[in-house]
Amino acid sequence: MPGRPLSRRTAMGSALAAPLVLAACDIDPPARESSSGPATAPPPEDADLVASVVAELARAEAVLAEAATRSAALGAVRTAHAAHRELLIGAVEGAELPASEPVHLPDDPERALSVVRRSERRLQRAVREGCTAAASGDLARVLASIAASTAQHSAALSSEVAP
């Protein structure tokens, strides 16, 4: 038994969509590099970007180091920043940890936590801007991951009781 005849719109839509569907079948996904292979270094134009993000991480770590003497709850944030810094330093040959200036937090616990929160927002902004400025897609993905981690920690700090 024959089915219902195709409408002119359906026939035209199918005719126009067929080449797109066939072309999509020829597109291969990007090849995955083996996890045991060496990591590719970011392009030279990203070296300054990595250095600036590492400097921001070092500055945020200095704030957290000072605040950690008052609250052990900040240890997870500090550990995450240290891991991110090490990852970025390892991505650029000859990169070193910039010296951060000593930080002095206010004696008032609520004001001290406010300084920590501002520091984390500043870091998140710098990492997010670095993510959009990165020439390397791999670096952009790493920075996006760092930005997401920083956002999670910032959200947790919003509910944190003062140190």
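Me: With which residue does the side chain of Arg-85 share a polar contact of 2.5 Å?
Reply: The model is predicted: local features need pLDDT of at least 70 and side-chain atom pairs count only at pLDDT 80 or more, whereas totals for chains, interfaces and linings use all residues. Residues are numbered from 1 along each chain as its sequence is written, and side-chain values use heavy atoms, with hydrogens and water left out. A polar contact is a pair of N or O atoms within 3.5 Å; within protein, one must be able to donate a hydrogen and the other to accept it, and residues adjacent in sequence count only if both atoms are side-chain atoms. At 2.5 Å, the side-chain partner of Arg-85 is Glu-61.

Me: Is Arg-85 buried or exposed?
Reply: Arg-85 belongs to helix α3, residues 75-91; helices are DSSP runs (H or I, at least four residues) numbered from the N terminus. Buried means under 20% relative accessible area, exposed over 50%, and partly exposed in between, with a 1.4 Å probe and protein chains only. Because its relative accessibility is 10%, Arg-85 counts as buried.

Me: Which residue forms a salt bridge with Arg-85?
Reply: A salt bridge places a side-chain nitrogen of Lys or Arg within 4 Å of a carboxyl oxygen of Asp or Glu. The partner sought here is partly exposed, since Glu-86 has 49% relative accessibility. With the closest N and O atoms 2.6 Å apart, the salt bridge of Arg-85 is formed by Glu-86.

Me: Which residues do salt bridges with shared partners join into one network?
Reply: Glu-56 pairs with Arg-59, the closest N and O atoms being 3.2 Å apart; these two are separated by about one helical turn because they stand 3 residues apart in helix α2. Glu-56 also forms a salt bridge with Arg-122, again with a closest N and O separation of 3.2 Å, and this pair links distant parts of the chain, α2 and α4, 66 residues apart. Glu-56 is buried at 15% and Arg-59 at 17%, while Arg-122 is partly exposed at 39%. The network therefore consists of Glu-56, Arg-59 and Arg-122.

Me: What length does helix α4 reach from its first C-alpha to its last?
Reply: Helix α4 spans residues 109-133 and has 25 residues. The expected span is 1.5 Å times one less than the number of residues, which gives 36 Å for this helix. The model is close to that value, at 36 Å.

Me: Which helix supplies the largest share of the largest nonpolar core?
Reply: A nonpolar core is a set of buried Ala, Val, Leu, Ile, Met, Phe, Trp, Tyr and Cys residues joined through side-chain atoms within 4.5 Å. The largest has 17 residues, and those with the most contacts inside it include Leu-49, Val-50 and Val-127. Helices α2, α3, α4 and α5 each supply at least two of its residues. The largest share, 6 residues, comes from α2.

Me: With which residues is Val-127 in contact, leaving aside its neighbours within four places in sequence?
Reply: Val-127 is among the buried residues of α4. Contact means heavy atoms within 4.5 Å. Beyond the sequence neighbours, Val-127 is in contact with Val-53, Leu-143, Ile-146 and Ala-147.

Me: What percentage of contacts between residues at least 6 apart in sequence join residues at least 24 apart?
Reply: The protein has 5 helices and 0 strands, and buried residues make up 32% of its 163 residues. Among contacts between residues at least 6 apart, the share joining residues at least 24 apart is 77%.
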